[in-house]
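Colleague: I should like a close look at one part of this assembly, followed by an account of how the surrounding chains are built. Please keep the treatment formal and connected.

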Amino acid sequence: MWDISSLQLAKLQFFSSLSFFSVFGLCTVVLGWLLVVCKGMTHRQAADGRWMDMYRFWVRIFALSMTVALLGMVFILIQSGALWPNLFVRLGPVSGPLIVLIAAITFVIKLFVTDVMLYRQGSLSSWLHSIFVLLAAFGLSVIAVLLICFQSWLHFPAGLAPDTVPLALVDWRAFILQAQAWHRVAFMIAMACLGVGGLMVSISASEALTKPLNAAEQLGFRIGAWLTAVGLGVLVAGGAVFQTELFRQAAPLPIIGRWAQQAVFGLLLLLALTSLIQWCWYLKRRSDFGKLPRWVLHVLVWAGPASWLALWLTHVLLSLRDGQYFVHGLVTYAEAFSEQGVVLISAVTMVMWLLFAVIAAGFIFLARRAARYGVVPVRKIRRTA
Amino acid sequence: MIDTLAGSLGLNSYDPGFWMPLLCFTVFLGVSIAGAVLDGFDLGVGMLMPFATSEQRARMFTFLGPWRDMNVFWIFLGCAILLSAFPKAWAYVSGALYLPLMLLAAGSLLRGVAYEFRLRALAGGRSVFAAAFAFGSLLTAFGQGLVLGRIAVNFDTEPGSQLFSVFIALCIVATFMLLGATWLLMRVEDDLQLQARGWVRRASRLAAAGVVAVSVALGMVNGGVFFKWTETTRLPVVLIGWFALLAMFVLIELVVRKVQRVRILIWLPFILTVLVVLSVIAGLVFSIFPFFVLDELTIWESVTGLGTTRLLVAAFVLFLVVLPLVTLWYYRDMLGKERKAKDVSFMKRTH
């Protein structure tokens, strides 16, 4: 049952970490657009302070999530090089420019744009500040789309010059405009909405358990509930999660694949159920979500971790769908792999998962702390004479 | 000299096939040097934290804040350039470097996340994240040291060579600690400076041993490198370089002893340590050049293809303009003295 080769372990290790950081990356993109909406509404309804309060709270969570996603990108870059060195020899002309482009966009966003988002609200005009928020959301979306297109292209390679080594992409439009990639983008957006919605509901429920919610917190709770419902709705309506096609040859290890599939199904069912209870109560009482029964609030606190876990597992399954090939029909996993011992890869995988568990626990812990005590604006201190 | 080198490769020095890979290599080298120095003292301060009191630790954390965002990028940029421009070289060595690279990846992830989490944590959780930051720094430095060690022994897998790689990794850890300690010595006064003096003296000896060990191993294991160093025309320069390097370590030790009495010397240990790091990198590049992987792949054989290299060069030219400016901006206060200020936190201290 557990007769695992080093190649299978390497796949599991790589795709589990790729998926872990993708969750943070995708949620950062959706949080970025949420901040754009907050800024936009602030301009539209200047007298309504709720949107600005929401912006001030969620920009901190956005910054934290973005930092984890960025650090994860460094981790994935090193890990992909260490595990699949020959992939880059074959894929150099495709992956090379992409890596540089993504590095450049990340560089600009992290060093200039988020700095303005976090620290320069008082020193810039409101419109200029909003433009920076928009730039961050747009830039992060470009990175996410490029990465999703690349992952999709690995499953459906198109636009290549025939019989070239390394693979030469002659038609970049085929890379960007392939239908499968955009299905995947839509699916990922729905999953990310579910993730962010779950997080917002979770934090708001935590807040509601300790104190009466103010107007901005109530608004956050409602938006979170909407995002969760929309995410779940799109997933169910599209039937994406339940398509056997999605999980075709899903796992390197069939048992883990089946287990993960059932876990995703169960988590989504639980989330749908809690979302349904939440909305039924809301429609019946016409009261704010903060006044939900305490037991429902306790259940909703776990909506965030549950939705992120569902998102992570789905991403793992989606990544592992093509059993044999890294680049479908062109490069196998075995060709790309740098031979390592089973014991070494197992040990590294265990340590890596432990590290991810610590990061996830730390993130949840800090999000709940933020819900309890709030976040205050940060001054950037330079301790020099 | 450049014409001779191009000629030996059967190329003209104006040929893009010659200068483009060279430019990519120069950018990679620049990023590596910047990472070793600018992220190096950050790593060093991180590793020294367990030896400081909690009040000193809080101050040390605050020192690292201004360039935290920028420091995340050095490894990222280095890997991005290596993977995109020199995938063949990467493929050749990375199989032998799986464990060191994973240590490096895990360490940089842990220290980055721990720093951010600590900023937002309450008093109780801060010590946990501070310990994680120190451990992450240690893993990163050790991983980098192992990479260097494995290169120095030419990826030999004999137990003796593996042990030697571990020894070199420990020496690299000491070198980063030395960088961090000399930087603290320059920035602070009071008890922390006194403590930093002790750290400098302890770390400098192990760092010196490491420099000697890397050089000897590189020369002994690789005949080509030994020949390059001992060639009659180069030998005097190499010897002068060697003595200068050892003199720098002696000078660091002497200056640290006098630093309390002669305040003007306070900058000297840090500058000397930076010079040591630069000398080691320069020595390594001199030994290996024009190879990327010693005796196996030259810089020109490691590139992915001229079409891709052209795209990369266009991006790098932009980086060459922007990166130094951004670096200067971010690190503008790096050499300044400490000013007393409150610790930074995102959270209200309600208990």
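Is B:T230 buried or exposed, and how many other C-beta atoms lie within 10 Å?

Modeller: The model is a predicted one, and the answer below should be read accordingly. B:T230 is exposed, because 12 other C-beta atoms lie within 10 Å, and a residue counts as exposed at 12 or fewer. In terms of secondary structure, B:T230 belongs to helix 10 of chain B, which covers residues 223-230. A second position helps to place B:T230 within the chain: B:F319 is 89 residues away in sequence, and the C-alpha atoms of B:T230 and B:F319 are 38 Å apart in space.

That distance may be set beside the overall dimensions of chain B. Along the principal axes, the C-alpha atoms of chain B fill a box of roughly 70 × 40 × 40 Å. The radius of gyration of chain B is 21 Å, which agrees with the value near 20 Å that a compact globule of 351 residues would have. Of these 351 residues, 49% are buried; B:T230, as an exposed residue, is not among them. The secondary structure of chain B consists of 14 helices and two strands. Among contacts in chain B with a separation of 6 or more, 75% join residues 24 or more positions apart.

Within chain B, one helix pair can be described in detail. Helix 6 of chain B packs against helix 7 of chain B (residues 123-152) at an angle of about 155°, and their axes are 7 Å apart. Helix 6 and helix 7 of chain B are therefore roughly antiparallel to each other, since angles over 145 degrees count as such. Helix 6 of chain B passes helix 7 of chain B in a left-handed crossing. Sorted by class, the residues of this contact between helix 6 and helix 7 of chain B are 18 nonpolar, seven polar and four charged.

Helix 6 also leads to the partner chain. The contact between the chains takes 59 residues from chain B and 53 residues from chain A. On the side of chain B that touches chain A, at least two residues each come from helix 3 (54-64), helix 4 (68-85), helix 5 (87-94), helix 6 (98-120) and helix 14 (306-330) of chain B. Helix 6 of chain B gives the most to this side, with 15 residues. By class, the side of chain B that touches chain A has 37 nonpolar, 13 polar and nine charged residues.

Chain A has 385 residues, of which 49% count as buried. It contains 12 helices and two strands, and its elements run α-α-α-α-α-α-α-α-α-α-β-β-α-α from the N terminus on. In chain A, residues 24 or more positions apart make up 81% of the contacts with a separation of 6 or more.

One helix pair joins the two chains as follows. Helix 3 of chain A (residues 85-119) and helix 5 of chain B pack with their axes 8 Å apart, at an angle of about 165°. That angle makes helix 3 of chain A roughly antiparallel to helix 5 of chain B. The crossing of helix 3 of chain A past helix 5 of chain B is left-handed. From helix 3 of chain A, the residues A:P85, A:N86, A:F88, A:V89 and A:G92 meet B:P87, B:K88, B:W90, B:A91 and B:S94 in helix 5 of chain B. This contact has six nonpolar, three polar and one charged residues.

Terms used:
Residues are numbered from 1 along each chain as its sequence is written. Chains are lettered from A and ligands numbered from 1 in the order in which they are written. This is a predicted model: local features need pLDDT of at least 70, side-chain atom pairs count only at pLDDT 80 or more; totals for chains, interfaces and linings use all residues. Two residues are in contact if their C-beta atoms, placed from the backbone, lie within 7 Å. Helices (H or I, at least four residues) and strands (E, at least two) are DSSP runs, numbered from the N terminus. Ala, Val, Leu, Ile, Met, Phe, Trp, Tyr, Cys and Pro count as nonpolar, Asp, Glu, Lys and Arg as charged, and the others, Gly among them, as polar. A residue is buried if 20 or more other C-beta atoms lie within 10 Å of its own, exposed if 12 or fewer, and partly exposed in between; C-beta atoms are placed from the backbone. Axes are lines fitted to C-alpha atoms, for helices over the stretch in contact, and angles run from 0 to 180 degrees between N-to-C directions. Angles under 35 degrees count as roughly parallel, over 145 as roughly antiparallel, 65 to 115 as roughly perpendicular and the rest as oblique. A crossing is left-handed if the near helix is turned anticlockwise from the far one by less than a right angle, and right-handed if clockwise. The radius of gyration is taken over C-alpha atoms; the globule rule is 2.2 Å times the number of residues to the power 0.38.
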